[in-house]
Protein chains: 4
Amino acid sequence: MPQNTLQMLQTHPNPAGVFDLNALAECIDACFECEQTCTSCADACLGEGDHLMHLVHCIRLNLDCADVCGTTGRVLSRLTQPDQNVLRAQLQACVAACKACGDECQHHAQDMNMQHCAVCAEACRRCEQACQNLLGSVAA
Amino acid sequence: MPQNTLQMLQTHPNPAGVFDLNALAECIDACFECEQTCTSCADACLGEGDHLMHLVHCIRLNLDCADVCGTTGRVLSRLTQPDQNVLRAQLQACVAACKACGDECQHHAQDMNMQHCAVCAEACRRCEQACQNLLGSVAA
Amino acid sequence: MPQNTLQMLQTHPNPAGVFDLNALAECIDACFECEQTCTSCADACLGEGDHLMHLVHCIRLNLDCADVCGTTGRVLSRLTQPDQNVLRAQLQACVAACKACGDECQHHAQDMNMQHCAVCAEACRRCEQACQNLLGSVAA
Amino acid sequence: MPQNTLQMLQTHPNPAGVFDLNALAECIDACFECEQTCTSCADACLGEGDHLMHLVHCIRLNLDCADVCGTTGRVLSRLTQPDQNVLRAQLQACVAACKACGDECQHHAQDMNMQHCAVCAEACRRCEQACQNLLGSVAA
């Protein structure tokens, strides 16, 4: 997927924007990866039987994070005449959602040995970091 | 729809949260209304023939605003164990998206007499205001 | 919301399509209402404590139905040069999702007296019926 | 991303379903890739200046395809107690959306030498084929 995303950015009629194209492609991919992983983790938690009661907060944060990451990935995929305030605010929302969900998943990965939460925590960290990287390039 | 949204909030096992339920229902409805209206306005602009070239920025902001409002409406619809940082950041992103899109649509409504942009500008203003109202109740 | 949706359709440069505008506006509204209601019902089920174990299937179907209805509402909101095969197939997917979720919610409304499931079952029925109505106007 | 998706499926408490896990992971990835690519292609078309008038149908189909693929990727990411009718109908909707968009993009790639449309046409073909593969495993 990274290769495809980068190709789309490179063949855009106006590729020059506020972001470095490689950093942008990485962040877009991290957003859609995190949307998939969080959707999957919410569903895996839902199937955990006796442990389910302890995973309610995790499911809730997974669902929020999936929605926020999907929207952020879409907004970032648009290069035509972007609005800096929208970009910055949506990136900040994505950092908040990934941080909350990543912390919760890491907790369950360590204390309850939930392997899907371990994979999901990593995806959240990657996406949070990639959004932070882009935020450095958006006008304050 | 408002009645339905409020009924869902009132029948929730844990309806007590940071928000007044009526203000919350109003904001959720405003978000989904704005998602629909912006999706519709982007498509109407796309069908404007000779005027299309002047509506590129409007279409782009419509698409962003539709995505951001849809995600905000979903996050707000969840009452179970919310995260204040996620709520606040997503509400702020929604304010930014609605402001950018509402300003652009109002411009086309006045200067080009685009009626769909006039309806859309109003939906953006309502949603922006409803998000601002809720932001007053979220912990800083 | 219905009034807003209809206004957007009526101010579109090419409002004439395969659908009656009133039936179309009704269906678009039913889709977004159902997306909201199902998102809310999944979250309410998640907060049901001791009953949660019995609501796993309901949550899963709620999440599917919310996604399918949201996408159907967006596709229907576009009047510019639609593709009949896409319209028909997405309407059929929406009928299937609303039927599955509506049946499950009705079951919990009756047997477990879950009031949010009762409201959600009605929203699913309305959306299923509105999609069926439109399907009669799409070329086979 | 493929590796991550497969890991999530493999660590799920109930990984056994109707689908082969590798084919499922491939289809989920193809759906999210196609959502990104179509979102990006709609935006690239919007930036094509003098050619924009000829790309209206392409933008419309791109937006539909992005929404349908995103929803299909989410529904497929859930393994817990799926509904066969919903799976089948949403996969068929995704085949229809990818076919319509892929055909249109291929046309512009060949006749107008639009490179982003060429990349997008390939993503649509991959997703259409991956959905067709899964449809063979869903009960009729």
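# Helix ends, salt bridges and chain copies

User: Which residue caps the N-terminal end of α4(B)?

Analyst: B:Asp83 does: one of its side-chain oxygens sits 3.0 Å from the backbone nitrogen of B:Asn85. A polar contact is a pair of N or O atoms within 3.5 Å; within protein, one must be able to donate a hydrogen and the other to accept it, and residues adjacent in sequence count only if both atoms are side-chain atoms. Helices (H or I, at least four residues) and strands (E, at least two) are DSSP runs, numbered from the N terminus.

User: What should I know about the model before going on?

Analyst: The model is predicted: local features need pLDDT of at least 70, side-chain atom pairs count only at pLDDT 80 or more, and totals for chains, interfaces and linings use all residues. Residues are numbered from 1 along each chain as its sequence is written, chains are lettered from A and ligands numbered from 1 in the order in which they are written, and side-chain values use heavy atoms, with hydrogens and water left out.

User: What span should helix α4 of chain B have?

Analyst: Take 1.5 Å times one less than the number of residues. Helix α4 of chain B covers residues 84–111, 28 residues, so it should span 40 Å; its end C-alpha atoms are 40 Å apart, which agrees. B:Asn113 follows α4(B), with a positive phi near 55°.

User: What span does α3(B) have, and how many of its residues are buried?

Analyst: Its 22 residues should span 32 Å, and the end C-alpha atoms are 32 Å apart, in agreement. α3(B) is mostly covered, with 21 of 22 residues buried. Buried means under 20% relative accessible area, exposed over 50%, partly exposed in between (1.4 Å probe, protein chains only).

User: Now charges. How many salt bridges are found over all chains?

Analyst: Side chains of opposite charge can pair when their charged atoms come close. The cut-off for a salt bridge is a side-chain nitrogen of Lys or Arg within 4 Å of a carboxyl oxygen of Asp or Glu. The whole structure holds 40 salt bridges. One of them pairs A:Asp67 with B:Arg78 at 2.8 Å, N to O. A:Asp67 lies in helix α3 (residues 56–77) of chain A and B:Arg78 in the loop between α3 and α4 of chain B, so the pair joins two chains. A:Asp67 and B:Arg78 are both buried.

User: Where are B:Arg74 and C:Asp67?

Analyst: B:Arg74 is in helix α3 of chain B and C:Asp67 in helix α3 (residues 56–77) of chain C, so this pair also crosses between chains. Their closest N and O atoms are 2.8 Å apart, in a salt bridge. Both B:Arg74 and C:Asp67 are buried.

User: How many residues apart are D:Asp64 and D:Arg60?

Analyst: They are 4 residues apart in helix α3 (residues 56–77) of chain D, about one helical turn. Their salt bridge has its closest N and O atoms 2.9 Å apart. D:Asp64 is buried at 1% relative accessible area, and D:Arg60 is buried at 0%. Elsewhere, salt bridges that share partners join one network, including A:Glu35, A:Arg60, C:Glu35, C:Asp67, B:Arg74 and D:Arg78.

User: Which residues does D:Asp67 touch?

Analyst: Contact means heavy atoms within 4.5 Å. Not counting residues up to four places away in sequence, D:Asp67 touches A:Arg74, C:Thr71, C:Arg74 and C:Arg78. D:Asp67 is in helix α3 of chain D and is buried, at 4% relative accessible area.

User: Is C:Arg60 buried or exposed?

Analyst: C:Arg60 is buried, at 0% relative accessibility. Its place is in helix α3 of chain C. A polar atom of its side chain lies 3.1 Å from the backbone oxygen of D:Thr80. Outside the four-place sequence window, C:Arg60 touches residues of two other chains, among them A:Asp43, A:Leu46, D:Val75 and D:Pro82.

User: How many disulfides are found?

Analyst: A disulfide is a covalent bond between the sulfur atoms of two cysteines. The cut-off is a pair of cysteine sulfur atoms within 2.5 Å. The search finds 0 over all chains. The closest cysteine sulfur to that of C:Cys38 is in C:Cys120, 3.8 Å away, too far for a bond. C:Cys38 is buried at 0% relative accessibility. In chain D, the sulfur of D:Cys120 has its closest cysteine sulfur in D:Cys38, also 3.8 Å away and too far.

User: Last, what rotation superposes chain D on chain B?

Analyst: Two copies of a chain are related by a rotation about an axis and a shift along it. Copies are superposed by least squares on the C-alpha atoms of residues with pLDDT of at least 70 in both. Chain D fits chain B after a rotation of 180° with 0.0 Å of shift along the axis, at RMSD 0.0 Å. The two copies are thus related as by a two-fold rotation axis. The same surface serves both, as 100% of the contact residues of chain D recur in chain B.
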